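Let's take a walk through this structure by following its charged side chains. Where do they pair up, and are the partners buried or exposed?

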Amino acid sequence: MKKSLLFIIVLFQYFNLFSQSVNQTSNPKEKEKDFGITINYFGELDSHSGVEIGMESAFFRQVRMSYHVGFYFVKEDQTDIALYWNLGYRKSFKSGYSPEAKVGIGFLTTYLPENAEGTEELLEVVYMPSVSLGLLGLDLRKTKNIPVRLFGNAMYYWKKPVGKSAEGVAAIQVGATYFFK
C-alpha cells in the first residue's frame, strides 16, 4: 500500500512538471496559461458532502490533468479524506462552454462496518477509481476575460477495499477554477 501511494505521488509530480507549459490559443499573440487552482463542493447523492481543493493543468492542448484533496463530512463527526488524480478531455468553445470527461484513480479513507469488531466501525484506506462527466462548464476567459472557469460535474466512483468487492457511489461536484496569468 505504501509503495502504491508513493508511486502515485511521484506520478503526480512527473505529470505536473511537464504540463505547466504555456498553451497557444487561436491568436499567436494571445497566450493563455493553463494552470489553475480549483475549489469545489463535493456531495454524494445519498449522504456525504464536503469540499475539495486541487490543481489542474494542461497536459496537451485539450487533455487536462488534475489532482485533488477532499474532505468529506459523514455521520457523527467522522471525516473522510481523499487524494485522487484525474486525466480528462475538455473542449472549450468560443462561447465559453467547456464540457469535459475524466477518469481518475486515488485513495479514500472511509469507515467500513464489515471490518468492525462489535458495533464500532474501523477506519480503512481504500482505492478510489472514478469517472466524471461535466456538461456544465463555463470558461469566463473566453467571454469576459476573467481567469475563472465554473463547472458542474457528475461523478461515479468506487470504494475498493483490498481483497474485497467495490461499492459504487454517485456524486456531484460544483465549483470554480482560478487560472494564473
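Keep in mind that this is a predicted model. Searching the whole structure turns up seven salt bridges. Side chains of opposite charge can pair when their charged atoms come close.

A good place to start is Glu100. One of its partners is Lys102, and the closest N and O atoms of this salt bridge are 3.8 Å apart. That fits the cut-off, because a salt bridge calls for a side-chain nitrogen of Lys or Arg within 4 Å of a carboxyl oxygen of Asp or Glu. Are these two buried or exposed? Buried means under 20% relative accessible area. Lys102 has 13% relative accessibility, so Lys102 counts as buried. Glu100 has 7%, so Glu100 counts as buried too.

Now look at Glu100 from another side. Its side chain also meets that of Arg149 in a salt bridge, at 3.7 Å from N to O. Glu100 sits in strand β7 (residues 100-112) and Arg149 in strand β10 (residues 148-159), so this pair ties together parts that are 49 residues apart in sequence. Both Glu100 and Arg149 are buried.

Step back a little, and these pairs turn out to belong to something wider. Which residues join in? Glu56, Arg90, Glu100, Lys102 and Arg149 are linked in a network of salt bridges.

There's one more pair to visit. Asp139 and Arg141 bring their side chains together in a salt bridge, with 2.9 Å from N to O. Both Asp139 and Arg141 are buried.

Note on methods: Residues numbered from 1 in each chain as written. Predicted model: local features only at pLDDT ≥ 70, side-chain atom pairs only at ≥ 80, totals over all residues. Heavy atoms only, no water. Buried < 20%, exposed > 50% of the residue type's maximum accessible area, 1.4 Å probe, protein only. Helix = DSSP H or I, 4+ residues; strand = E, 2+ residues; numbered from the N terminus.
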